[in-house]
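User: Please take a close look at one part of this model, the nonpolar core, and then work outward to whatever surrounds it. Keep it brisk.

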Amino acid sequence: KNMPKTHISIHTTSNDSILKFEADRFLTNHNSFEFSNIDEAKDSPLAQQLFYLPFVKKVYIASNFVAIERFNIVDWKDVQDEVAKQLEDYLSSDGIVVTEEAIKPKAAVTVYAESTPNPNVLKFVCNKVLVANLYEFSSIEDAKPSPFATELFQFPFVK
């Protein structure tokens, strides 16, 4: 079947590193998505394709537009037409914007506290596997490889 061609218009935003590529049709069904890398974009073939462009830092997809945040290695004026054409070609050939998987409601994560034999230590239990192995961090320096643990060290009562 022959898809009608999707037209893209380019719009600046208040942030000069973000450009908005507006389509003449809806791309998502009332959902909006934000992807910071190709792994996060696993449920969006469109965003994945955009991450192959070396200057793409973030991809936002909502109703009828794709907004892209660029790294400072290029100016939009040098690449925006090429990006708009790539989007038009992809969308005009019925390319998938986001899969059904992306739209599924995420299972709620629950966390509860458990006491331990040590009165200074609380154990927090989650209904979702967080990591494959056990990790212990005794300082914020130790915790560098874990953004989650680093965040916890921000609390004054965490040592």
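Analyst:
**The core and its surroundings**

Leu 46 is in contact with Ile 61, Val 66, Leu 87, Tyr 90, Leu 91, Ile 96 and Val 97, not counting neighbours within four places in sequence. The model behind these contacts is predicted.

Leu 46 also ranks high in the largest nonpolar core. That core has 30 residues. Phe 21, Leu 46, Leu 50, Val 66 and Val 83 have the most contacts inside it. Several elements feed this core: β2 (18-23), β3, α1 (45-51), β4, β5 (65-70) and α2 (76-92) each supply at least two residues. The largest share comes from α2, with 7 residues.

Next, the sheet. It is open and has 5 strands, in the order β1-β2-β5-β4-β3. The pairing is antiparallel. β1 (8-12) and β3 are the edge strands, each pairing on one side only. Neighbouring strands are turned by 20° against each other on average, with direction ignored. α2 lies across β1, β2 and β5. Its direction is at about 30° to β2.

Now the β3 edge. β3 pairs with β4 in the antiparallel sense, over 3 bridges. Phe 35 has Val 59 in β4 as its bridge partner. A side-chain link involves these two strands as well. Glu 34 and Lys 58 form a salt bridge, at 3.5 Å from N to O. Glu 34 sits in strand β3 (residues 33-35) and Lys 58 in strand β4 (residues 56-62). The two residues are 24 apart, and the pair links distant parts of the chain. How accessible are the partners? Glu 34 is partly exposed, at 44% relative accessible area. Lys 58 has 22% relative accessibility and is also partly exposed. The cut-off matters for Lys 58: buried means under 20%, so 22% counts as partly exposed.

The structure holds 9 salt bridges. Another one joins Asp 43 and Lys 42, with the closest N and O atoms 4.0 Å apart. Here the partners contrast. Asp 43 is buried, with a relative accessible area of 15%. Lys 42 is exposed, at 59%.

A further salt bridge pairs Asp 75 with Lys 77, with a closest N to O distance of 3.3 Å. Salt bridges with shared partners join Asp 75, Lys 77 and Asp 78 into one network. Asp 75 is partly exposed, at 37% relative accessible area. Lys 77 is exposed, at 61% relative accessibility.

Finally, the whole chain. It has 4 helices and 7 strands. Along the sequence they follow the pattern β-β-β-α-β-β-α-α-β-β-α. The radius of gyration is 21 Å, well over the 15 Å that the globule rule gives for 159 residues, so the chain is more spread out than a compact globule. The C-alpha atoms fill a box of roughly 65 × 35 × 25 Å along the principal axes. Buried residues make up 31% of the 159 residues. Of the contacts between residues at least 6 apart in sequence, 48% join residues at least 24 apart.

How values were computed: Residues are numbered from 1 along each chain as its sequence is written. This is a predicted model: local features need pLDDT of at least 70, side-chain atom pairs count only at pLDDT 80 or more; totals for chains, interfaces and linings use all residues. Side-chain values use heavy atoms; hydrogens and water are left out. A salt bridge is a side-chain nitrogen of Lys or Arg within 4 Å of a carboxyl oxygen of Asp or Glu. Buried means under 20% relative accessible area, exposed over 50%, partly exposed in between (1.4 Å probe, protein chains only). A nonpolar core is a set of buried Ala, Val, Leu, Ile, Met, Phe, Trp, Tyr and Cys residues joined through side-chain atoms within 4.5 Å. Contact means heavy atoms within 4.5 Å. Two strands pair if DSSP finds at least two bridges between them. Axes are lines fitted to C-alpha atoms, for helices over the stretch in contact, and angles run from 0 to 180 degrees between N-to-C directions. The radius of gyration is taken over C-alpha atoms; the globule rule is 2.2 Å times the number of residues to the power 0.38.
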